[in-house]
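Here is a short report on a protein and the ligand it holds. Keep the sequence and the 3D view open while you read.

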Amino acid sequence: MNPLPAAAPVIIIGGGLAGLSVAAALGGPALILEQRPQAGMGATAENAGMVRRLGEDPYERALALRTHTRLCALEAAGHSALSWRTGALLGLCHEPEHLHDGVAHLRAAGVVITHLRGADLAARAPLLRGSPLAEGWWLPEERVASASALIDLQLAAARAAGATLRTGLTVRGLDVAAGRVAGVWVDAPGGPQRVAAGAVVLAAGAWCAGLAARAGLHRHLIPVRRSLLLSAGGPPPPAAHPWVWIDDLGLYARPEGEGWLLSGCDERVDWPAGPESAGEATIMAQALTADKARAWMPALGALSWRTGWSGLRTFAPDRRPMLGPDPALPGLHWCAGLGGFGVSCGLAAGEAVAAWLRGDSVPWLDLAGVRPDRRTPRRWPLRPTGELWTARLSDGRALPPA
Ligand SMILES: Cc1cc2nc3c(=O)[nH]c(=O)nc-3n(C[C@H](O)[C@H](O)[C@H](O)COP(=O)(O)OP(=O)(O)OC[C@H]3O[C@@H](n4cnc5c(N)ncnc54)[C@H](O)[C@@H]3O)c2cc1C
């Protein structure tokens with residue numbers, strides 16, 4: 001193995017969608033350090049791939065709008081395996097006003113959104129045949145993306161710009177000297193090794209809060225486990241079918257191969273004990289998903305599962321990304337807190353973080369809303385069953401266990 005360099009202009013901790021998107025957008029030399037054997041094995045490998053612009057948060061929507069535009073341009077330039085148009089139906093079963101502000105925001109930005117009721121819902125999304133769902137938003141331009149193809153694209157762009165990815169190397173801590181981040185400590189084969197850096201980007205997903213805490217910096221970023229299930233048997237999906245998300249209930253489904261990929265949108269705070277973040281889909285999560293689908297997507301019939309897994313979505317308490325320079329620790333930059341929207345927002349998040357690192361302005365995103373030292377609530381709503389109306393306030397174990 002090549003020895004680690006003694007110094008790098010920029011060190012990026014984490015080779016997921018966040019870290020590689022920063023590296024690709026930086027357009028210059030950087031050292032990306034990833035603890036797993038290859039890039040993209042964390043949350044980036046565990047997601048459902050839906051590119052969703054109609055989110056609850058305006059900053060998330062700004063990032064998703066920009067990422068969507070990039071994905072469309074990439075498809076037009078021949079990258080057809082990166083993302084593809086499916087359309088999306090965002091249903092609302094109990095809270096019809098939910099997402100209205102987001103709809104207004106997106107319409108003002110030129111996104112086509114139609115309000116649907118009754119039989120029009122199943123006409124757009126046949127899996128809703130027989131569903132009691134009364135209304136929803138139809139977005140014909142929404143997409144699905146392949147996170148692994150995005151990783152390949154971003155890694156190639158980063159390498160072309162002079163970045164280096166080193167895998168199988170765990171960053172043990174930030175090196176803080178004279179009140180600023182001066183590099184990192186790496187668990188190298190011969191023992192701990194210091195690598196000096198002009199700037200360090202924390203893009204370590206569920207592990208970010210722990211790394212910062214070891215440097216005495218407490219930023220609330222909470223890993224929340226969610227399950228996904230792939231159906232076996234049952235009616236195969238039609239050739240083209242939109243993804244469907246009943247948002248206030250917390251249930252989504254989209255075609256995946258011969259079956260359907262579903263989630264009952266379970267949430268459980270879960271701090272990673274080691275480098276692995278993927279877990280099982282528990283019996284409870286399986287039952288939650290099957291019960292909701294039976295009631296709201298009866299056309300799927302009696303569901304059985306081919307496989308299932310769970311992964312870590314990492315949120316700030318306001319469920320808004322944590323991006324940009326950290327005023328409390330000069331030299332440290334964040335690209336984190338991408339929660340359940342990192343595929344939808346990752347390319348733009350990387351672009352913004354890289355621009356702020358270079359000292360450039362970002363006219364399409366207000367740093368004040370995403371900066372790492374913004375005030376966030378100490379208690380925040382966790383949605384254990386995915387339903388908005390049974391959210392409970394969590395004091396979050398908002399800091400990682402000591
Ligand atoms: C079940 C599930 C469903 C989802 N569905 C969607 C969806 O449909 N649409 C959507 O937009 N988003 C979705 N997401 C969210 C999306 O996957 C994430 O927001 C995104 O992948 C986050 O990327 P990341 O790079 O921040 O984190 P990660 O992919 O976790 O990358 C962080 C990397 O840092 C590395 N690392 C950590 N600590 C260290 C260290 N000390 N030293 C070296 N390396 C380190 C890790 O090994 C990891 O590779 C979903 C997520 C999950 C879990």
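Helices (DSSP runs of H or I, at least four residues) and strands (runs of E, at least two) are numbered from the N terminus.

## Basis of the model

This is a predicted model: local features need pLDDT of at least 70, side-chain atom pairs count only at pLDDT 80 or more, and totals for chains, interfaces and linings use all residues. Residues are numbered from 1 along each chain as its sequence is written, and side-chain values use heavy atoms, with hydrogens and water left out.

## The ligand shell

The ligand is surrounded by 39 residues (each with a heavy atom within 4 Å of it). Glu34, Thr44, Met50, Val171 and Ser344 are the closest. By type, the shell holds 19 nonpolar, 15 polar and five charged residues. Here Ala, Val, Leu, Ile, Met, Phe, Trp, Tyr, Cys and Pro are nonpolar, Asp, Glu, Lys and Arg are charged, and the others, Gly among them, are polar.

Several elements each give at least two residues to this shell. The helices are α1 (17-26) and α8 (342-358). The strands are β2 (31-34), β10 (170-177), β13 (222-232) and β18 (304-315).

## Polar contacts to the ligand

A polar contact is a pair of N or O atoms within 3.5 Å; within protein, one must be able to donate a hydrogen and the other to accept it, and residues adjacent in sequence count only if both atoms are side-chain atoms. Ala18 places a backbone N or O atom 2.9 Å from a ligand oxygen. Val171 places a backbone N or O atom 2.9 Å from a ligand nitrogen. Asn47 uses its side chain: an N or O atom there is 3.3 Å from a ligand oxygen.

On its own, the ligand has 1000 Å² of accessible area, and the protein covers 97% of that. Such areas come from the Shrake-Rupley method with a 1.4 Å probe; for residues, only the protein chains shown count as cover.

## Glu46: a buried charge

Glu46 sits in the loop between β2 and β3 (50-51). Glu46 is buried (under 20% relative accessible area, 1.4 Å probe, protein chains only). Glu46 has no salt bridge (a side-chain nitrogen of Lys or Arg within 4 Å of a carboxyl oxygen of Asp or Glu). The nearest side chain of opposite charge is Arg36, 6.0 Å away; Lys and Arg count as positive and Asp and Glu as negative, while His and the chain ends are not counted. The Glu46 side chain does reach the backbone nitrogen of Leu312, at 3.3 Å.

## Glu97: an exposed loop residue

Glu97 lies in the loop between β5 (88-92) and α3. Glu97 counts as exposed (over 50%) because its relative accessibility is 59%.
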